[in-house]
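Hello,

Here is the structure you will be working with. Please open it before you read on, then go through my notes below.

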Amino acid sequence: MNTIDLDKLGKELQEQYGEAVRVSSDSFANVLQVQPSHLVQLMKALREQYGFNHLANLTAVDYREEFQLVYHLSSIPDCKTLTVKTRVSRAAARVDSVFSVWPTADWQEREVYDLMGIEFNHHPNLIRVLLPDNFEGHPLRKDFRMGGEK
Amino acid sequence: MLQTDQYIINVGPQHPSTHGGLHIEAIMDGEVVKDLIVHLGYVHRSVEKIAESKTYQQFVPYAARLDYLATNLPVLGYCQAVEKLLDIEVPERAQYIRIIMAELSRIASHQIAISAGAIDLGATTGLMYGMRDRERIMDIFEMTGGQRLLSAYIRIGGVAQDIPEGFIPAVQSLVADVPAMVEEYNGLLTGNEILAARLKGVGILSAEEAIAYGVTGPNLRASGIAYDLRKADPYGIYDRFDFDIPTGSNGDSWDRWVVRIREIEESAKIIAQALQDMPEGEVKGKVPRLLKAEKDREVYHHIESSKGELGYYIVGDGSDKPYRLHIRAPSFINLMVLPSICREGTFQDIITNIATLDPILGESDR
Amino acid sequence: MESLFINLSQAFTAWLMSLGLSAGWADALLLAVQWTCIVAIVTLNITILIWLERRVSSFFQERLGPNRVGPLGCFQTVADALKLLTKEDIVPSAADKLIFKTAPALFIIVAVMLYAVIPMGDGMQVVDLNVGLFYFISIGSLSTICLFMAGWGSNNKWSLMGALRAVAQMITYEIPLAFSLLGIVMITGSLRLSEIVEAQSGVWFIILQPVAFLVYFIAATAELNRGPFDMPEAEQELTGGAYTEYTGMRWALFFLAEYTNLVAVSALMSTVFLGGWQGPWLPSWIWIIIKTYLVMMVFFWVKWTFPRIRMDQLMSFSWKFLIPVSLGNILFTGAGIYFCKWMGWC
């Protein structure tokens, strides 16, 4: 696994995006926390300038007041990895789609919409992918009531 | 050209060649596929929601049921992710046993891919050859975990118990027979003129498209990119083994087929090395009875499953259950390219392409 | 032994005439008995044949196959036939009922009609038509219509697709099939099957016409919808093609007819290329049975070895390869005949 030069990346991104992007790292990954408004712009830069050509994983976590969207990027074939996170409020669970950057976001965003109920702007075909179309609710939300819980 | 109406034909979810409950809506013009819509979810069990109500140990058997044809691989991925999250050490001997089990699973999975692919193409006898050889691997799994198909032998912190007597000779004789098995598959199937005609130039997936759509595993390697997480980001002890990454050049069904057959040989190479180097010792590390992850500690761990990059994203919340568990299922992502590689092909090519993409619906629908 | 059946039929006619029937009535009754025998033999033979194919294919696939019902499992087919007879007969509500119901019956009738001209032994032929070969080919091509009726009547997309494939495939392969037999007709100068058999008393036509034999074998496999040319059925793709909607005995009739066709084509192949009923030591009717079964084993072998070919490849294989080859064979045969005449060999 090639590690990325986080300081250099952080400095460059700080210059370009200012406060919109925060760089940090935990014991496993380098993390960029980005404002939803700058998400697609940042992702495009990460793909085109920094070589993160592979959107490995796209998912969301329900933190009750907010949703956190998590994007795990990596590069093929040298496997540099980077995690990008963005938070949206529960009331306005909406974020721009990264489909234009990586087509693989298509079904992954549909899955997040299906199970977590976050909508994606400019997604070509935002319909449920795993659950039936007439399903009510989004089961991975923490407030989803499962059967027998009434 | 004769102008004809387009019609829709529904392939699946009850269809012999969709490898599970896959539903494909094919928009056809005669025998030519104009477009394809994939409908998923017939095997959806909401595994990610179930995980939130199970302790870390309790989820292990659920992981085994994701990719039920390569059961040790998803279990290995899950256990390694939890071990990373909770800083659990795995003893050396267990590491080697895990490698052997994982690679046996990969061989079994590829054997199913080839033999099921053969029957999808009408070569009924090919099915039985692959199944016959896979049976020996199932017997080995039964020796270790007591279960043939869905063994949860790999556990958090190591493996359930030490390998039984007779395990090593059984694996050794299997590894010794792998070249003969591959020879037989090549003789009956790969070397067949009709099979070559059915696979060559069908369902071409370019390297650019494969990366853009996040396709990984043998399907990506068939497109000519030598990307294998066992080499690119060695997890466990994979950096100690010497093996090659087989790649294709055209990204067609033929390359996907050949890459899988060659991967069987490479896996056998890894198993042989692991058998040789395996030390004596403990098979389970020090694992507390109650596994608790710190709040907001999270991990994304990916392994090279037989279908591609299998990732687990786990978020802890201080309790003994994961706050959120997400599975990056390679079959789910790989299926995304199915419409684009089937377009303008014939109806029969849909079946070929499903067979060579080798999705597993238990994993893709979760 | 040799003239067992001929003696039997003569005795039967004599007995009928002794009862005071005229010669014409006796012949008509004999014909009826002959047809009943053919149908009975065909059906009985097929129960054996289905069992045999299942056993043989199991050995190819390192399985055991049916081995529980009766010695070596040989009553398995009987058990299966009884099961099929007692199954519910489902006619889809959207089906074109008349066409749906007549298709299987017609298919088996056409298949049995093929046996009229095949010489089952020395002088053992129901009718020795002077256009026997022509009759066989034209009746054989009627099965196309039956398959199309089944596909159309089912009112199901899978069935229709299977039926369309069947029609395209059978029409395409009819041409090389007929052309491959032309070389033999040129050599013998006759379409009468008994004469073709007699012409092989010296050398079998498989030696004189090896190319024609191969072309005929391939085209016949396609005509029979057997693997690797079983696209009209294609369980793995079309979920059974034209037979998708059929259940119980109607489906079994199709199955029966396919095997009837297989036996007929194998018997014709033995007749035309392998010297027919001719052979040393054994009675003629045993020879034709041996040869027919050998040819059928080759059909089994091919089916259980090869993957299925694709539809467009199938069509281009016939139009671009088999037809030119069979035409070339006709040209070569013609030149050969002239050469022989010129040299004074024949």
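What follows is a short account of the chain contacts, the cores, a surface patch and two single residues.

Please keep in mind that this is a predicted model.

**Chains and their contacts**

Which chains share the most contacts? Of the 2 pairs of chains in contact, it is A and B. Chain A gives 45 residues to that contact, and chain B gives 42. The two bury about 3500 Å² between them. Carbon and sulfur atoms account for 62% of that area. The interface of chain B and chain A also holds 3 salt bridges. There is a salt bridge between B:Arg366 and A:Glu111, with the closest N and O atoms 2.9 Å apart.

Chain B also meets chain C. Here 33 residues of chain B are in contact with 25 residues of chain C. The buried area is about 2500 Å², and 57% of it comes from carbon and sulfur atoms. Three residues deserve a look: C:Gln236, C:Pro307 and C:Arg310 supply 26% of the area that chain C buries against chain B, more than any other three residues. Across the interface of chain C and chain B there are again 3 salt bridges. B:Glu31 and C:Arg165 form a salt bridge through their side chains, at 2.5 Å from N to O.

Chain A and chain C are joined by no contact. Their closest C-alpha atoms lie 25 Å apart.

**Cores**

In soluble globular proteins, nonpolar side chains tend to be buried together. In this model, the largest nonpolar core has 163 residues. Those with the most contacts inside this core are A:Leu46, A:Tyr71, A:Val84 and B:Tyr78. Helix H4 of chain B, residues 92-120, gives the largest share of the core, with 11 residues. Another core, of 79 residues, lies apart from it. Its members include C:Leu114, C:Ala166, C:Met170 and C:Met231.

Take A:Leu46 as a way into the larger core. Leaving out residues up to four places away in sequence, A:Leu46 touches A:Leu9, A:Leu32, A:Gly51, A:Phe52, A:Leu73, A:Leu82 and A:Val84.

**A nonpolar patch on chain C**

C:Val69, C:Phe75, C:Val78, C:Leu82, C:Leu85 and C:Met249 make a nonpolar surface patch of about 510 Å². Helix H3 of chain C, residues 76-86, provides the largest share of the patch, 3 residues. C:Leu85 sits in helix H3 of chain C. Is C:Leu85 buried or exposed? C:Leu85 counts as exposed, because its relative accessibility is 52% and the cut-off for exposed is over 50%.

**Two residues to look at**

B:Arg324 is in strand S8 of chain B, residues 324-328. B:Arg324 counts as buried because its relative accessibility is 4%, and buried means under 20%. What does B:Arg324 touch, beyond residues up to four places away in sequence? In chain A, the list is A:Thr59, A:Ala60, A:Val61, A:Met116 and A:Leu140. In chain B, it is B:Glu48, B:Glu52, B:Tyr313, B:Ile314 and B:Val315. The C-alpha atoms of B:Arg324 and B:Glu298 are separated by 9.2 Å, with the two positions 26 residues apart along the chain.

C:Thr102 belongs to helix H4 of chain C, residues 97-113. C:Thr102 is partly exposed, at a relative accessible area of 32%. C:Cys146 is 44 residues apart from C:Thr102 along the chain, yet their C-alpha atoms are separated by 8.5 Å.

Best wishes

Conventions:
Residues numbered from 1 in each chain as written. Chains lettered and ligands numbered in written order. Predicted model: local features only at pLDDT ≥ 70, side-chain atom pairs only at ≥ 80, totals over all residues. Heavy atoms only, no water. Core = buried A, V, L, I, M, F, W, Y, C linked by side-chain atoms within 4.5 Å. Buried < 20%, exposed > 50% of the residue type's maximum accessible area, 1.4 Å probe, protein only. Helix = DSSP H or I, 4+ residues; strand = E, 2+ residues; numbered from the N terminus. Contact = heavy atoms within 4.5 Å. Patch = residues over 30% accessible without salt bridge, like charges linked within 9 Å, V, L, I, M, F, W, Y side chains within 5 Å. Areas by Shrake-Rupley, 256 points an atom, 1.4 Å probe, with all protein chains shown as cover. Salt bridge = Lys/Arg side-chain N within 4 Å of Asp/Glu carboxyl O. Buried area = accessible area lost by both parts, 1.4 Å probe.
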